[in-house]
Amino acid sequence: MKTILSILLIFNLFISLSQNKTDYLIENRFDLTKDNFKFPQNDFKIIGFGAYHGSSKTYDAELLIFKNLIYQNLLDFYAPEINYSQAYYFNEYLKNGDEKLLKDLVLSFQKIVVQEGTIETFNHWKNIKKINDSLNSKDKIKIIGFDMIFDYKYPIKLLLELTDKIQNCSSRDSLQKLIGNDDLNFGTFNPTIQNSIKNFVDDFNKKNLISFNLLMTL
């Protein structure tokens with residue numbers, strides 16, 4: 001009984017002393033749209049931005065922060081919810097401006113969050129590119145990705161690009177045929193995709209064709 005009373009007392013004390021959400025937000029908010037807005041911190045290593053999926057306002061806020069951090073020379077890397085291979089091709093888009101590639105990359109978001117495969121996402125990346133194009137070569141932003149793989153299309157695409165010098169490899173040829181099928185489901189639970197990748201890896205391991213450098217690249 002004493003234990004229960006103690007827990008209730010601590011709980012009530014916590015509630016009475018704690019600040020409610022509205023008061024906290026009022027005291028700690030800042031207006032991103034003001035002309036004199038300046039991101040209030042400069043001693044960070046990583047900034048986490050909480051996204052409300054499906055809202056275009058999320059992109060508006062993210063872009064304002066993105067611009068301000070670049071203006072203050074505080075941003076080197078951008079890490080959206082993507083895997084390593086998607087990051088590679090988003091970097092390619094920033095370099096070459098291929099909007100067909102960008103459209104396909106944006107549609108691949110639907111395998112993770114359906115609401116993100118939208119025109120708003122497409123335009124967001126166009127805005128990122130516009131900002132990046134205005135920077136000097138040494139200041140340009142690099143995209144990095146470390147999210148889980150939910151779709152094998154871009155991992156396969158990158159693997160084929162990294163092994164383009166390899167000839168007479170039937171398992172690689174099979175992957176090449178798969179990547180050419182726009183109607184194929186590249187989801188990670190597709191057994192056809194799983195078996196094709198496994199055969200490719202097994203084939204290369206048996207023939208000792210994967211170098212240490214290639215493995216590090218992957």
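Biologist: How many aromatic pairs does the count come to?

Modeller: Welcome, and keep in mind that this is a predicted model. Two rings of Phe, Tyr or Trp pair if their centres lie within 6.5 Å. By this rule, the number of aromatic pairs is five.

Biologist: Which kind of pair do the rings of Y88 and Y89 make: stacked, edge-to-face or tilted?

Modeller: A pair of aromatic rings is described by the distance of the centres and the angle of the planes. For Y88 and Y89 the centres are 4.8 Å apart and the planes stand at 85°. Planes over 60 degrees apart count as edge-to-face, so the pair of Y88 and Y89 is edge-to-face.

Biologist: Y89 also pairs with Y154; which helices does this pair link?

Modeller: This second pair is tilted, with 5.3 Å from centre to centre and 55° between the planes. Its two residues lie 65 residues apart in the chain. The helices holding Y89 and Y154 are α4 and α7.

Biologist: Is Y154 buried or exposed?

Modeller: Buried means under 20% relative accessible area. Y154 has 2% relative accessibility, so Y154 counts as buried.

Biologist: What span should the 13 residues of α4 have?

Modeller: Each residue adds 1.5 Å, and the expected span uses one less than the number of residues. The end C-alpha atoms of α4 are 19 Å apart, which agrees with the expected value. That expected span is 18 Å.

Biologist: Which residues have the most contacts inside the largest nonpolar core?

Modeller: This core has 31 residues. Helices including α4 and α6 each supply at least two of them. The residues with the most contacts inside the core are F66, F90, W125 and I143.

Conventions: Residues are numbered from 1 along each chain as its sequence is written. This is a predicted model: local features need pLDDT of at least 70, side-chain atom pairs count only at pLDDT 80 or more; totals for chains, interfaces and linings use all residues. Side-chain values use heavy atoms; hydrogens and water are left out. A nonpolar core is a set of buried Ala, Val, Leu, Ile, Met, Phe, Trp, Tyr and Cys residues joined through side-chain atoms within 4.5 Å. Buried means under 20% relative accessible area, exposed over 50%, partly exposed in between (1.4 Å probe, protein chains only). Helices (H or I, at least four residues) and strands (E, at least two) are DSSP runs, numbered from the N terminus. Rings of Phe, Tyr and Trp (its six-membered ring) pair if their centres lie within 6.5 Å; planes under 30 degrees apart count as stacked, over 60 as edge-to-face and the rest as tilted.
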